[in-house]
Amino acid sequence: MTSPDHVRPRVGLVIGSGAVKCAAALGLWRVLQREGIPVDLVVGCSGGSLYAANMALGRDVETTAAMTTALWNKKITERRDYMALLRAFLPAALGGQGRFSMLSDAPLMRALSHAFEGYTFRDTTIPLYIVATDLMTGEEVTLDEGSVLDAVRASVSIPYVWPPWRLNDRWLVDGCLSAPLPVDVAMKAGADIILAMGFASGYARRIRSASRYAFQVNSVYTNNLMRAAYSFHNLAHHAEIIPILPDFDQPVGLFDTHKFKYVIERGALAAEESLPYLSRLLEQGVPAQSVSEPRTPSASS
């Protein structure tokens, strides 16, 4: 129990980019629920935005697992967008507008709509923040109002693979370009303890298509940026950051949804390893006089 002059720390959960590996967040979530540890806010980036949004909307582990299994499959990458490819070579004649991509986002939008259409950030049970990247400026963009569907669609816009998403007069692309593990957003939102679940993106053993090449490039810069950003925030942080990095002892491919059970189990195992330290921090609490009103990250930050 915390002392009278201490209060319970605010716990923030950050789920980084990682495609199918992001399902490990469900294992972490299950452990937190079992232990009765509340999460006060959740931040998602790229694939992590799918799980952050489901958690914030109050959906249970089983519902979220089933929903994301149906969403993340090869069907969302099967439809080529030949007009978008032509725009890349003839932008002046066809009006590129930055919407260059190899794939049509119609299958992706159908899947996302089934999960999030009609929901806004006001429908969440805990504060939700989703991270994307401004294509024109490279800025990290935190989305915390309006349509959840729009925010998730923007956050998963892998460059070259799917077209950028137009939102609030900005062309937005994958959040992993600016913050693959956006612990800074949880700091700004006032979290005292940040559970940072990050994933190293896997590398393809063979590159047999242009889309696979794009995914490979995405993995290279995401891994490098995540390591650099985490090191910086860990040194200069104003909150306790607990890294939760699941160890996968077998390959998990981009569309290996048949491995969801295994991925979730690895997430739970990583959570169990961090549980003793997290429990001590929660028991100690934070000085009441140090608690300030949390700042809502600006949508333009």
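This passage describes the overall make-up of a predicted protein model and then selected residues within it.

The model is predicted, and local features were taken only where pLDDT is at least 70 and side-chain atom pairs only at pLDDT 80 or more, whereas totals for chains, interfaces and linings use all residues. Residues are numbered from 1 along each chain as its sequence is written, and side-chain values rest on heavy atoms, with hydrogens and water left out.

The protein chain contains ten helices and ten strands, these elements being DSSP runs numbered from the N terminus (helices, H or I, of at least four residues; strands, E, of at least two). Of its 301 residues, 54% count as buried, where buried denotes under 20% relative accessible area, exposed over 50%, and partly exposed the range in between, computed with a 1.4 Å probe on protein chains only. The accessible surface of the chain comes to about 14,100 Å², and carbon and sulfur atoms account for 54% of that area; accessible areas were obtained by the Shrake-Rupley method with a 1.4 Å probe, and for residues only the protein chains shown count as cover. Contacts (heavy atoms within 4.5 Å) were also examined by sequence separation: among those between residues at least 6 apart in sequence, 77% join residues at least 24 apart.

Side chains of opposite charge can pair when their charged atoms come close. With a salt bridge taken as a side-chain nitrogen of Lys or Arg within 4 Å of a carboxyl oxygen of Asp or Glu, the count comes to nine salt bridges. One of these joins the side chains of R30 and E62, with an N to O distance of 3.1 Å; because R30 lies in helix 1 and E62 in helix 3 (residues 61–71), the pair ties together parts that are 32 residues apart in sequence. R30 is partly exposed, its relative accessible area being 40%.

Helix 1 also provides R34, which forms a salt bridge with E272 in helix 10, so that parts 238 residues apart in sequence are tied together, and the closest N and O atoms of this pair are 2.6 Å apart. Both partners are partly exposed, R34 with a relative accessible area of 49% and E272 with one of 31%. The two residues belong to a network of salt bridges that links R34, E35 and E272.

A further salt bridge is found between the side chains of E139 and R170, at 2.9 Å from N to O. E139 is placed in the loop between strand 4 (128–134) and strand 5 (140–143), and R170 in strand 7, so this pair ties together parts that are 31 residues apart in sequence. In this case E139 counts as partly exposed at 37% relative accessibility, whereas R170 counts as buried at 16%.

Helix 10 (residues 260–284) also holds R266, which counts as buried because its relative accessibility is 18%. The side chain of R266 reaches the backbone oxygen of D247 at 2.7 Å, a polar contact in the sense of a pair of N or O atoms within 3.5 Å, where within protein one atom must be able to donate a hydrogen and the other to accept it, and residues adjacent in sequence count only if both atoms are side-chain atoms. When residues up to four places away in sequence are not counted, R266 touches P246, D247, F248 and D249.

A239 is situated in the loop between helix 9 and strand 9 (240–244) and is buried, with a relative accessible area of 5%. Leaving aside neighbours within four places in sequence, A239 is in contact with M187, A191, D192 and I194. A239 and R10 are 229 residues apart in sequence, while their C-alpha atoms are 10.0 Å apart in space.

Most residues other than glycine have a negative phi. A positive phi, near 55°, is nevertheless found for A19, a residue in the loop between strand 2 (11–15) and helix 1 (24–35) that is partly exposed at a relative accessible area of 21%. D169 likewise has a positive phi, near 65°; D169 is placed in the loop between strand 6 (165–167) and strand 7 (170–173) and counts as exposed at 69% relative accessibility.

On the surface, I207, Y213 and V217 make a nonpolar patch of about 280 Å². Patches are made of residues with over 30% relative accessible area and no salt bridge, like charges being joined within 9 Å and nonpolar side chains (Val, Leu, Ile, Met, Phe, Trp, Tyr) within 5 Å. I207 is found in the loop between strand 8 (193–197) and helix 9 (210–236) and is partly exposed, with a relative accessible area of 42%.
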